Amino acid sequence: MTRRRAWRPMLLLQVVALLAIAPSAALAGEPVGGGPTASALVFAPNPVASSGNQSLTDNKDADYPALTAELVPVTLTDLDGSGYLRGLWANVVSETGVPAFETDGSYEYTRHDDRFEQVMAYYWVTQSQLYLQELGFGTGPYRAINMEPQAVRINQWGVDNSFATTHPRDEMRFGKGGVDDAEDAEVILHEYGHQIHFSQGFPYGFYETDAIGEGFGDYWAATVSTLLAPGRTPAGCIADWDAVSYTSTVPHCLREVTLNLHYPEDLNGRIHHDGQIWSRALWDIRGALGNVKADRIILNGQFAFTGTTMAELALATVDMAMDLYGVRERNAVRAAFRARGIL
């Protein structure tokens, strides 16, 4: 598998910040837990997507050769040195099993071990933030987005579901049942999409903005996973590993960003379904402009949005394309929304 290097923007500033939150244990006369980097194994983004094998099953959380073959070695970055999965951009705060703690710089668990899900969450949350910084959010011309340690709870939601919230605390919670949700990077990335919105003050609480939120979460999962793990099969399917436990047809997909849905006739009142109209428009923008331009336009367009409809955010995004780049980009963004019937 071709893998992209870990994002390392603003290295000096990150090191300074890391020292600020994790003073040297040696200086304090305490045992050293670990260093700022470590080796680990993850799915990238999940074993169905990376292998193209639609017959994979959860098998009650057991390891078996077809799954183990899809594990990818990666480097965990920005750790606080405590030995736990805590760092600049992610903080695994609670688990149902044993907390991941290592002093030798290696978190190389396989998926039967509950600590594997903790590693998955730490790695993919961190990569999301580093990608935002590489785009210039918080490190360049654009405002920071969720630029703080993101709290994550693994298997603390006792059903096969996950969610992101800011009340009563700012955290992402991942459930269990079937394939445990944090085994699939695209479930993690989807929930991080909500955290992006929360950080931007996105106006949830209206039907169409809630659908936009679900669509954007799916798009974020697709854009980040495609960038880090290109060549997935099929390309537009989201969370195919998580979906094997509750879908009977193939390909197994939680949702898709490539469906030919059209506004308003394909709305059915379910925000996860209707969000696929929005995610398809965003995916088409990415296809026309590439991930860097598309994601800068999409993310900047969400700042200070106070509307309640898809059309209003689409217009704001079109205007942002013109402000950031120019006529060609504005026309590409407008065409994507018009193809979905949003404009």
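Are Cys237 and Cys253 buried or exposed? In this predicted model, Cys237 is buried, and Cys253 is buried too. These two residues make up the one disulfide that the structure holds, with their sulfur atoms 2.1 Å apart. Turning about the S-S bond gives -130°, so to speak a left-handed link between Cys237 and Cys253. As for where the two ends sit, Cys237 belongs to strand 8 (residues 237-238), while Cys253 is in the loop between helix 8 (240-243) and strand 9 (255-256). The pair is 16 residues apart and links distant parts of the chain.

Stepping back to the whole protein, there are 12 helices and nine strands. Of its 343 residues, 55% count as buried. Looking at contacts between residues at least 6 apart in sequence, 68% join residues that are at least 24 apart.

Aromatic rings come next. The count comes to 13 aromatic pairs. One of them is Phe137 with Tyr142, a tilted pair with 5.0 Å centre to centre and 40° between the planes. Both of these residues, Phe137 and Tyr142, are buried. Another is Phe202 with Phe305, which is stacked, at 5.9 Å centre to centre and with 25° between the planes. This pair, too, links distant parts of the chain: Phe202 is in the loop between helix 6 (185-200) and helix 7 (207-228), and Phe305 is in the loop between helix 10 (291-302) and helix 11 (310-324). Along the chain the two are 103 residues apart, yet their C-alpha atoms are separated by 6.5 Å.

Phe202 counts as buried because its relative accessibility is 7%, under the 20% cut-off. The same reasoning covers Phe305: its relative accessible area is 8%, so Phe305 is buried. Leaving aside neighbours within four places in sequence, Phe202 is in contact with His197, Thr209, Ile212, Phe305 and Leu313. The stacked rings also belong to a wider group, as Phe198, Phe202, Tyr204 and Phe305 form one aromatic cluster.

Charged side chains meet rings as well. Arg143 lies over the face of Phe303, at 4.0 Å from the ring centre. Lys293 does something similar with Tyr325: its charged end sits over the ring, 5.1 Å from the centre.

That leaves helix 11, which has 15 residues. From its first C-alpha to its last, helix 11 reaches 21 Å, close to the 21 Å expected at 1.5 Å a residue. Its buried residues are Met310, Leu313, Ala314, Thr317, Val318, Met320 and Ala321. These cover an arc of only 160° around the axis, so they fall on the same side of helix 11. An α-helix has 3.6 residues a turn, so residues three or four places apart point the same way. What do the buried residues of helix 11 pack against? Their partners are helix 7, helix 9 (271-289), helix 10 and helix 12 (327-339). Leu313, one of the buried residues of helix 11, is also among the contacts of Phe202. After helix 11 comes Gly326, with a positive phi near 150°.

Key
Residues are numbered from 1 along each chain as its sequence is written. This is a predicted model: local features need pLDDT of at least 70, side-chain atom pairs count only at pLDDT 80 or more; totals for chains, interfaces and linings use all residues. Side-chain values use heavy atoms; hydrogens and water are left out. Rings of Phe, Tyr and Trp (its six-membered ring) pair if their centres lie within 6.5 Å; planes under 30 degrees apart count as stacked, over 60 as edge-to-face and the rest as tilted. Buried means under 20% relative accessible area, exposed over 50%, partly exposed in between (1.4 Å probe, protein chains only). Helices (H or I, at least four residues) and strands (E, at least two) are DSSP runs, numbered from the N terminus. A charge sits over a ring if NZ of Lys or CZ of Arg is within 6 Å of the ring centre and within 35 degrees of the ring normal. The expected span of a helix is 1.5 Å times one less than its number of residues. The arc is that of the directions from the helix axis to the C-beta atoms. Contact means heavy atoms within 4.5 Å. A disulfide is a pair of cysteine sulfur atoms within 2.5 Å.
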